[in-house]
Amino acid sequence: MKQLMLGNAAAARGLFEGGCEFISSYPGTPSTEITEEAARFKEIYCEWAPNEKVALESAFGACLAGRRAFCGMKHVGLNVAADPLYTMSYTGVNAGLVIGVADDPAMHSSQNEQDSRHHAIASKVPMLEPADADEAREFAKLAFEISEKFDTPVLYKMCTRIAHSQSITEPAERVAVEHKPYAKDITKYVMAPANAIKRHPFVEQRMKDLEKWSETSGVNRIETASAVIDKSSAVIEPVEITLKNAISNEVVSTSSTTTTGIITSSTSYQYVKEVLGDSVNILKLGMVNPLPANMIRKFAQGLEKLIIVEELDPVIETFVRGLGLPSNIEIHGKDMFPICGEFSQNLVAAAFGKEVQQGKKLDAAIPVRPPIMCAGCPHRGMFYALNKLKVTVFGDIGCYTLGSVAPLSAMDVTLCMGASFSGLHGWNKAGGAENEKKSVAVIGDSTFMHSGMTGLASIAYNQSNSTVIVLDNSITGMTGHQQNPTTGKNLYGEPAGRVDLEALARAMGINRVRVVDPYNIADCEAAVKEELEVEEPSLIISRRPCALLKEVKPLPPLKVDTEKCKGCKMCMKIGCPAIAMKDGKAKVDVTLCVGCGVCSQMCKFGALGE
């Protein structure tokens, strides 16, 4: 039965249908739902790992045990998992191993616009890229087949629009896959130099075999106007198109649709089809590494212009330009399309000189709604204290990164997962006492487990006088409330091993460890001031559960005594969305307020209370 399905849900369905039995992932938007949806199938064991490297290594172990395995992450997570990935390319697999990576063009929830195709090329691993939900389902199954046929891990690339949009898919039955027995093979699995040097030629030959396979497998396909005519009996007249730079509107060239060919993949393919329909020749790529050289040469025959439509980096364009196609074929790509951000139907239409239909224009100015921490967020009190103390704050990746937003503005640097502790250590070692007395680092509980522990170990081992703060809200908040090793629950919400942060810090050599309640601003301020004065490393744990957790029951919303309120706006300095000013007085939105009481600590006139 056909269903309307989210791309990530379809990917999970494909893993189920493909006989997957083991999934280890680290949550990261826009990839998170693949693992969450897969956990609904009792046939698949699913878990959250502390980080992407651990997740991939665990999935590799499962595939060696003969079970088809999957590991999911977002694009920056692949950087963390790159170490095992590049060597895994040499070892190959036993049962199928698929590595899901979701890119985030336009950085909806990411710190960069990294193009994961570069990792596929550099690691010499095949990469599949679905263009809709049904391909997401089919390609997930196909990836396991490729993995086992060619003895390789397979990268499975999603992007925000495919992951988080819905389209029609037709689920199938689960395939019963026999478990592959493990056979000890030191030359294959022990990547000491003497063995690795012998595996490299295997990797090179495998890429040649994969390219040859992709030419005829159907994973890449050529769509021509004449083929459409044969199938529909519709007459398609050649259309003159003007090729433009989609941003500057500068004319690049003109062409007929029948002598123009387009090479594209993923969401770009959908936009091209929406704008040009069946009037143009298209090479639609499903495998983006290795790219099919012979198929591209065949496709280019008889064309005057070849246009590559791809988001982010010119990966396909660079490959095509290096094929040595006849000089009479014009090649266009990034001269028409931007290298930054997401594409859209309107942008592609502009590049082909098409008028955007009135109903599809977005001319109206949309009010800006800046991201902000939720009402009752436990991080707000600590960030207010840090802002008040005017300290330099090394931040990290999580919902608490919003501490950098006005009016709190309590963060100076955010680089990558786990970098805050390490960065502060270097800052203090280089700057000495001048920096040590007025600088701190903050990190969330999940990110601390991901990659913050090693930074803390370096602080303890190399003895910088660093004051670091774990913002423990008892959940992985930014990606939608996933469990982590500090919460005492596993992915399914069942009781699990729990890391004791205080005991762990002391075991690492941090002698000064204290816990504060971030709803108490005075205590937060006092703790930070005291720890900055000591001559040794110290850890502050700012602990209170996320206000949005189901088990956290909100208190009655606060009320404003308009007689006492002087309109001084001190309560506005914490940036709580539940507080506004109306008619010169503070006003509390009772639908948002959770009664945390942080704002009442700001009021010198006692105007805020129950």
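**Questions about helix packing and unusual backbone**

Me: What makes helix 9 (residues 193-216) oblique to helix 12 (residues 293-300)?

Reply: Helix 9 and helix 12 pack at an angle of about 40 degrees, with their axes 8 Å apart. Angles under 35 degrees count as roughly parallel, over 145 as roughly antiparallel, 65 to 115 as roughly perpendicular and the rest as oblique, and therefore helix 9 is oblique to helix 12. This is a predicted model, in which local features need pLDDT of at least 70, side-chain atom pairs count only at pLDDT 80 or more, and totals for chains, interfaces and linings use all residues. Residues are numbered from 1 along each chain as its sequence is written, and side-chain values use heavy atoms, with hydrogens and water left out.

Me: Which residues of helix 9 meet helix 12?

Reply: Glu211, Ser214 and Glu215 in helix 9 meet Ala293, Asn294 and Met295 in helix 12, where contact means heavy atoms within 4.5 Å.

Me: Why is Ser266 called buried, and Ser474 partly exposed?

Reply: Buried means under 20% relative accessible area, exposed over 50%, and partly exposed in between (1.4 Å probe, protein chains only). Ser266 has a relative accessible area of 6%, so Ser266 is buried, whereas Ser474 is at 27% and therefore counts as partly exposed.

Me: What is the phi of Ser266, and what is that of Ser474?

Reply: Most residues other than glycine have a negative phi. Ser266, in helix 11 (residues 266-276), nevertheless has a positive phi of about 50 degrees, and Ser474, in the loop between strand 20 (467-472) and helix 19 (501-507), has a positive phi of about 65 degrees.

Methods:
Axes are lines fitted to C-alpha atoms, for helices over the stretch in contact, and angles run from 0 to 180 degrees between N-to-C directions. Helices (H or I, at least four residues) and strands (E, at least two) are DSSP runs, numbered from the N terminus.
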